[in-house]
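Subject: Handover of a structure

Dear colleague,

Please find below the structure that I am handing over to you. I should be grateful if you would keep it open while you read the notes that follow it.

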Amino acid sequence: MLTMTFLGVGSAFAKRNFQSNVLVEAWEKGPDYQAVPDDTLLIDYGTTGPQALYALMRKPGFEYLARGNTINYPAIHRVFITHQHADHIGGLEEMAMMNAYHYGDRKNGKRHKPQIISSLSILMNLWDHSLKGGLSVMAGRYALLQDYFFILALNPAEPGKDRFTMLKRYHLRLFPTDHIHIERKYDWPSYGLFIEDAQTQQAVFFTGDTRFDYPAYSRMMEQAHICFHDTQLFDEPNPVHALISELRTLPESIRRKTYLYHYGDDWDSGPYDDVSEQFAGFAVPGQRYRVLE
Ligand SMILES: [Zn+2]
Ligand SMILES: [Zn+2]
């Protein structure tokens, strides 16, 4: 069984919800939420990630995420990075430091190292332009990304290297998303995930951050039995997310299985009250979605 739990469902600047980061849990046998999952993955870990994980660990069924009064970071085995915006990576420095120092053994230098997964270009930029500032020194020496994480670099253009698996059964394939153009489509790397159960062929579609681009995603969205799509509630001429007005044009069969996330703080101000009828609904933070059996 595979479950997905949003640490938050908010936009980059939301204050009423945490940012849109997701805990994926894979279970050999289930459902037994009293147990510890057999594999765990965070899809992104943004600036509000630590506060969101701290809130989640106090909820029934997520006790394994707590150790004493703090986050049990060794319970997070892996983290996948969709792209480099702070609402998706801003919590990584804390994760790395807590694993290295709080959960590390100072005497023998051993530390807990989760796996970090993304395309090679994102991982290189992530270190060089984001994480290096705070993480490149340890007492007495310089440090690199591999001092904190086991690195899995994927290549979206190479079949077989465009995916990783959880419990061998669930295949998580990254696909490029049209989030920010510098000069042309896809020239600033960002990715979504298509998660497929190799036993049942059931699948989940997760956009990460993207503009509306149904022609590029239609086959995946048709195949998936559940979709999660980022959205922006207010219209503007040159958006970097799918506008809710654009998502309303999706075929009804697609809308009905699509949850919206990454939304702004005014979701309950009135104009979006029909989202639960038009779509599967707004994704709810802290709710464990049982997405694959
Ligand atoms: Zn974002
Ligand atoms: Zn973004």
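How many bridges join strand β1 to strand β2, and in which sense do the two strands run? Strand β1 and strand β2 (residues 22-26) run antiparallel and are joined by 5 bridges. Within this pairing, the residue in β2 that stands opposite Phe6 is Val22. Please bear in mind throughout that this is a predicted model.

Strand β1 has a further partner, namely strand β18 (residues 288-292), with which it pairs in the antiparallel sense over 4 bridges. Here Thr5 has Arg288 of β18 as its bridge partner.

Is strand β1 enclosed or open to its surroundings? The strand covers residues 2-6, and 5 of its 5 residues are buried, so it is largely enclosed by the rest of the structure. For a residue to count as buried, 20 or more other C-beta atoms must lie within 10 Å of its own. Both faces of β1 are covered: Leu2, Met4 and Phe6 are buried on one side, and Thr3 and Thr5 are buried on the other.

These strands belong to a wider arrangement. An open sheet of 7 strands follows the order β10-β7-β6-β3-β2-β1-β18, and its pairing is mixed. The edges are formed by β10 (150-154) and β18; each has a single partner strand, so one side of each is left without a neighbour in the sheet. From one strand to the next, the twist averages 25°.

The mixed pairing can be followed in the model itself. Whereas β1 and β2 run antiparallel, strand β3 (residues 39-43) and strand β6 (residues 78-80) run parallel and are joined by 3 bridges. Leu41 stands opposite Arg78 in β6. Towards the β10 end of the order, helix α4 (residues 120-135) lies across β7 (115-119) and β10, and runs at about 115° to β7.

Finally, some remarks on the protein chain as a whole. The chain contains 8 helices and 18 strands. Its radius of gyration is 19 Å, close to the 19 Å that the globule rule gives for 293 residues, so the chain is as compact as a globular protein of that length. Along its principal axes, the C-alpha trace spans about 60 × 45 × 40 Å. Of the 293 residues, 41% are buried. Among contacts with a separation of 6 or more, 58% are between residues 24 or more positions apart.

Yours sincerely,
A colleague

Technical notes: Residues are numbered from 1 along each chain as its sequence is written. Chains are lettered from A and ligands numbered from 1 in the order in which they are written. This is a predicted model: local features need pLDDT of at least 70, side-chain atom pairs count only at pLDDT 80 or more; totals for chains, interfaces and linings use all residues. The radius of gyration is taken over C-alpha atoms; the globule rule is 2.2 Å times the number of residues to the power 0.38. A residue is buried if 20 or more other C-beta atoms lie within 10 Å of its own, exposed if 12 or fewer, and partly exposed in between; C-beta atoms are placed from the backbone. Two residues are in contact if their C-beta atoms, placed from the backbone, lie within 7 Å. Two strands pair if DSSP finds at least two bridges between them. Axes are lines fitted to C-alpha atoms, for helices over the stretch in contact, and angles run from 0 to 180 degrees between N-to-C directions.
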